[in-house]
Amino acid sequence: MSRTALLSCLASVWLCLAAPLPAQVTYERILEAGNEPENWLTYSGNYLGHRHSPLRQITPENASRLRPKWVYQISTTHGFEATPLVDGNVMYISEPPSDVTALDTRTGRPLWKYTRPIPENMPLCCGRVNRGVAVLDDMVYVGTLDSHLVALDAKSGQVRWDIEVADYKAGISMTAAPLAINGKIILGMAGGEFGVRGFLDAYDAKTGERAWRFWTVPVAGEPGAETWAGDSWKQGSATTWVTGSYDPELNLIYWGTGNPGPDWNGDVRKGDNLYSDCLVVLDADTGELKWYFQFTPHDVHDWDSVQVPVLIDGEVRGEQRKLVLFANRNGFSYVLDRESGKFVNGKAYVKQTWASGLDDNGRPMVLPNTSPTVDGNIVYPNLGGGTNWQSPAYNPELHLFFVASREMGHIYYKGEAEFKVGSLYNAGGAQKIPGEEAYGAIRAFHPESVELKWEFPLHSPPGGGVLSTAGGLVFGGTGEGDVFALDATNGKPVWRFQAGGSMRANPISYASEGKQYVAFTAGRGLFVFGLDE
Amino acid sequence: MRLALGLALLCSLLCSSSWAQTEEELPPRPAASPENQALGEKLFQGHCAPCHGPGGEGGSGATLARPKLRHASDVEGLFRVIKRGVPGTEMPSAWQMNDREVWFVTGFVDSLGKRAPEGVPGDPVAGEGIYRGKGNCLMCHTAEIPGGLAGPDLTDVGARRSASYLRRSLLEPEADMPAEFLQVRVVTRDGKSITGVRLNEDTFTIQIRDYSDHLHSFLKEEVSEIDKQRGKSPMPGYKETLTEAELTDLVAYLVSLRGEE
């Protein structure tokens, strides 16, 4: 090889290794995320909530060769719940409480970090956590615990704009990854234990100006207000703390809502309590409510319906339908028509003891004596639910719906609630059933029939979600720190790694320099695995 | 609300360095009244009595009907213990109660201490002799004197369990097993059977200690059977082997084991 040729070759290698920082993550790129499987551009991998990677390099046959490539450790002891996003050679993660870090995908070394001071003593129900960021064009977006939405320069982490969404002192916080759609950032909020009034917001991605707000609890005079006794709607909660899905063709946003306030004692809020525990479907341009489906009317068990809606095209009684799958915290998994909102099918997918089933409209037929009591009442599922914020996944090639399922009950107690702005507004709670050995499973369902195809049992109820890949795998993790891969066709384990800390997040897959990787957060670490050479 | 609420709140209450280093001001205590006392008793019966007994006489949980409590020297301390739980023990936080309710329960528990304490008959010195000798308790238990590892550490068992609970445990060891204790029998692929106490387990592995104090680590894919013998105890019942007087003395000795109280 001539010297010139050698230099040219080295230059090519250099260009390859020192690839430029990412190009613009346009809306069109996210829309066609399946065309660039090497990246992971939005929370669920695509707008449809599939958490399915089209990458197929890692397979059941070679998964046993997965080895750690690098580990990135966060510097706090708070829960690490982020879904990483990947664009080119940069991975964007949020770190608790509300920081954002850009990592080099080759080495795991930080490229920049945005650090946000968060007040020490702020009203939070469930830890100083954050579940991820959104990217759009040349910006990275994060919702913060102190209720701001911040846009960062994707190349440097510098703040481009920072707006206050709500007053965190009232108990409103941002923990969900925002959802970036065409020119807008959709942002959900948390705080359902503080008697807040829930909402879902859309902001202009360039300026941070609010485009619309959908209140999840109607005021007196609006449709649905009659489902709240007296003034109870004022503390109605129905928060929006997990990232929803988006149908670009219908231009509709599908987003789950949380529990009505107060929890565990519904005496002060008689009625169905709309739009708590609902799937709300909104016009992406205006925030107008197109339809809703309430899974648990008048919830007294804290079964937020914030699970990720999975949008698929499926066949129902010989007819092709646009569907939404929703494995709910209340123990039932639902199939709805995503154009009309009509109930198509539903079935319990974990043990449940509170309803005799679902009626023809999908409304639960609630059994007597299943509400919390002062002395305690045993009901399944527990307050963590059959599943919760952990993501499900859908493999379109195998036509299977995967759910990290939890088998556990609780003794539910009823108490009294006192509302004070910024204080916990709980009226009871739950305790473990003595002697119960709770467990979990990764379950695969036929989407339309909710028929169980296989299951892989877990030692304890999982706190993390699943990832499906076109290579024919389902990745997941356990509370005891194992991360694993299952053969997607039969649920057989083909790889595992003890990461030393509970897996309480949702895995992703991406490719770098032609090699597929899988990323998990577990404990305080972000672990990236690839096949050994 | 989040799955993590219980643990996260517990952690935020117990693990927060700011909480650990400085005692926060307590919320105001509602005025004492017969109604509030009754509410406290009602909450106590639902949440606390299953472990501490309906009158605070103790059970699997500590005896509360006594003038001085181990983890709370005054009512403020008692409020904090009820609110936060006791780390490293079976006592959970009462996160499901609001502050007023915790105060009601605090008031009721405080009133229990004013009742006459449970009398414990028997001679603890003689009981220690039975513990070391005829009862052969050292084989499996550690207390003031080091012993085996198969059974629970008894160093402070008198502060954690009531006399009646201990007596029942001696007569019927399997009547109520400690939550963390699970006897497991593992059968290996080559037919070898090992029985011991589960030390840890996850989806793919299990670790046990056999009754000769040997550690065993198994990959589940490598064993043919894991028999979780819930409610089974290797401890013999002492109904036939100890006289009534010996049993009473042994209970008196166990009750005297109070750790660093």
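**Exercise 1. Find how strands β2 and β3 of chain B are joined, and then place them in their sheet.**

Solution. Strand β2 (residues 193–201) and strand β3 (residues 205–210) of chain B pair in the antiparallel sense, and five bridges link them. Here helices (H or I, at least four residues) and strands (E, at least two) are DSSP runs, numbered from the N terminus, and two strands pair if DSSP finds at least two bridges between them. One position to look up is N200(B), whose bridge partner in β3(B) is Q207(B).

The next step is to widen the view to the sheet, which is open and built from five strands of chain B in the order β4-β3-β2-β1-β5, with antiparallel pairing. Its edge strands are β4 (215–219) and β5 (223–229) of chain B, each of which pairs on one side only. From one strand to the next the twist averages 40°, where axes are lines fitted to C-alpha atoms, for helices over the stretch in contact, and angles run from 0 to 180 degrees between N-to-C directions.

Before going on, note that this is a predicted model, in which local features need pLDDT of at least 70, side-chain atom pairs count only at pLDDT 80 or more, and totals for chains, interfaces and linings use all residues. Residues are numbered from 1 along each chain as its sequence is written, while chains are lettered from A and ligands numbered from 1 in the order in which they are written.

**Exercise 2. Decide whether helix α6 of chain B is largely enclosed or open, and name what its buried residues pack against.**

Solution. Begin with the helix itself: α6 (residues 99–112) of chain B has 14 residues and spans 20 Å from its first C-alpha to its last, close to the 20 Å expected at 1.5 Å a residue; the expected span is 1.5 Å times one less than the number of residues.

Then count burial, for which a residue is buried if 20 or more other C-beta atoms lie within 10 Å of its own, exposed if 12 or fewer, and partly exposed in between, with C-beta atoms placed from the backbone. Ten of the 14 residues of α6(B) are buried, so the helix is largely enclosed by the rest of the structure. Among them are W103(B), F104(B), F108(B) and L112(B). The buried residues of α6(B) pack against α3 (34–47) and α5 (75–84) of chain B, a contact being two residues whose C-beta atoms, placed from the backbone, lie within 7 Å.

**Exercise 3. Describe the make-up of each chain, and judge how compact chain A is.**

Solution. Chain B holds ten helices and five strands, and 34% of its 261 residues count as buried. The secondary structure of chain A comes to two helices and 38 strands. The radius of gyration of chain A, taken over C-alpha atoms, is 22 Å, close to the 24 Å that the globule rule gives for 533 residues, so chain A is as compact as a globular protein of that length; the rule is 2.2 Å times the number of residues to the power 0.38. Of the 533 residues of chain A, 58% count as buried, and its C-alpha atoms fill a box of roughly 85 × 50 × 45 Å along the principal axes.

**Exercise 4. Trace two pairings in chain A, one between β11 and β12 and one between β34 and β35.**

Solution. Three bridges join β11(A) to strand β12 (residues 184–187) of chain A, and the two run antiparallel; A180(A) stands opposite I185(A) in β12(A). These strands belong to an open, antiparallel sheet of four strands in the order β11-β12-β13-β14 (chain A), with β11 (179–181) and β14 (210–215) at its edges. Neighbouring strands of this sheet are turned by 20° against each other on average, direction ignored.

For the other pairing, five bridges join β34 (residues 482–487) of chain A to β35 (residues 493–498) of chain A, again antiparallel. F484(A) has R496(A) as its bridge partner in β35(A). Five residues lie between the strands of this hairpin, where G491(A) takes a positive phi near 80°.

**Exercise 5. Work out how many residues each chain brings to the contact between them, and which element of chain A gives the most.**

Solution. The contact takes 34 residues from chain A and 23 residues from chain B. On the side of chain A that touches chain B, strand β29 (residues 428–431) of chain A gives the most, with four residues. That side divides into eight nonpolar, 15 polar and eleven charged residues, where Ala, Val, Leu, Ile, Met, Phe, Trp, Tyr, Cys and Pro count as nonpolar, Asp, Glu, Lys and Arg as charged, and the others, Gly among them, as polar.
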